[in-house]
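Student: I would like a close look at a single part of this protein, followed by an account of the surroundings of the ligand. Please set out the details in one connected answer.

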Amino acid sequence: MPRILLLGGTTEAARMARALAEAGADAVYSYAGRTEAPVAQPLPVRTGGFGGVAGLAGYLRAEGITHLIDATHPFAAQMSRNAVAACAATGTPLIALEREPWQADKGDLWTHVPDLPAAVAALGQAPRRVFLAIGRQNLSAFAAAPQHHYLLRLVDPPTEALPLPDAEAVIARGPFTVEGDRALLRDHRIEMIVAKNAGGAGAEAKLTAARELGLPVVLIDRPQVPERRVARTVAEVMAWLDL
Ligand code: NAP
């Protein structure tokens with residue numbers, strides 16, 4: 001019987017957890033512990049960092065983990081790199097449950113940029129009303145462009161002052177709807193959107209809403225992760241586990 005560690009924090013990981021629980025698998029769900037009230041899971045949950053590659057390798061050995069599923073967000077690259085290294089060091093089979101990146105459709109006004117500084121530059125000099133849909137952790141990069149008004153969407157209310165002089169936050173947790181996102185963009189008179197190319201359905205609504213409203217989107221490319229086995233669906237992972 002495999003003993004599985006599932007690295008989570010995403011809609012995809014929740015789906016994976018449901019499938020594992022329904023199959024009666026011996027699995028542990030791991031949260032980084034970034035949000036105050038994480039979504040409940042149908043598996044035993046552990047929370048917090050492992051302590052780098054060595055910490056994760058130690059955990060895999062101590063817990064007798066036979067298979068690791070990396071279902072973290074495509075921008076959680078440090079965790080994914082650590083998983084590759086720790087699995088190589090311990091000989092643990094690894095699979096990533098990774099969404100396809102979003103592809104532009106007819107009517108999309110997307111500018112692709114490689115990273116956060118390029119996204120800041122792509123907003124231009126003139127003050128704009130910007131929906132900054134990138135979560136909480138990387139907001140300070142946009143302090144370099146204080147002329148813009150920023151609308152943020154955060155899972156938890158901010159506990160300290162935002163690093164941007166002209167910003168407001170709405171508190172909400174995905175998955176989001178096109179209808180809701182269209183209303184959000186209209187109500188806040190948004191002119192531009194900055195998003196990470198996360199892929200998947202849970203966060204796609206803002207891009208559909210932007211297309212419908214004819215709004216430009218600055219889309220940040222995914223960070224590089226070392227090569228690993230990748231599955232696109234929960235069913236592929238279940239087949240890999242022989243469950
Ligand atoms: P990151 O930069 O790749 O990871 C930083 C450190 O956080 C890791 O080295 C690890 O600490 C710890 N960590 C990350 N994910 C973990 C997990 N699932 N279980 C245990 N420890 C974890 O990650 P991040 O971008 O801060 O994302 C943190 C979490 O939020 C991830 O689980 C991700 O799935 C979720 N998330 C991220 C984004 C995003 O845009 N980045 C969006 C939605 C959800 P140690 O080195 O100490 O082990």
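Tutor: Apart from neighbours within four places in sequence, the residues in contact with H188 are R129, L151, E168 and V170. The model is a predicted one. One of these contacts, that with E168, includes a polar contact between the two side chains, at 3.3 Å. H188 itself sits in a loop, the one that links α5 (178–187) to β10 (192–196). Because its relative accessibility is 16%, which falls under the 20% limit, H188 is classed as buried.

Turning to the ligand, 23 residues surround it, and those that come nearest are G8, S30, F50, M79 and K196. By class, this shell consists of 13 polar, seven nonpolar and three charged residues. Two of the elements that contribute are β2 (26–31) and α3 (77–90), each with at least two residues of the shell. The largest share is that of α3, which provides four residues.

Backbone atoms also approach the oxygen atoms of the ligand. For H73, a backbone N or O atom is 2.9 Å from a ligand oxygen. For G52, the corresponding distance from a backbone N or O atom to an oxygen atom of the ligand is 3.1 Å. A backbone N or O atom of A77 lies 3.4 Å from a ligand oxygen atom. Taken on its own, the ligand has 800 Å² of accessible area, of which the protein covers 79%.

Definitions and conventions. Residues are numbered from 1 along each chain as its sequence is written. This is a predicted model: local features need pLDDT of at least 70, side-chain atom pairs count only at pLDDT 80 or more; totals for chains, interfaces and linings use all residues. Side-chain values use heavy atoms; hydrogens and water are left out. Buried means under 20% relative accessible area, exposed over 50%, partly exposed in between (1.4 Å probe, protein chains only). A polar contact is a pair of N or O atoms within 3.5 Å; within protein, one must be able to donate a hydrogen and the other to accept it, and residues adjacent in sequence count only if both atoms are side-chain atoms. Contact means heavy atoms within 4.5 Å. A residue is near a molecule or strand if one of its heavy atoms lies within 4 Å of it. Accessible areas come from the Shrake-Rupley method with a 1.4 Å probe; for residues, only the protein chains shown count as cover. Ala, Val, Leu, Ile, Met, Phe, Trp, Tyr, Cys and Pro count as nonpolar, Asp, Glu, Lys and Arg as charged, and the others, Gly among them, as polar.
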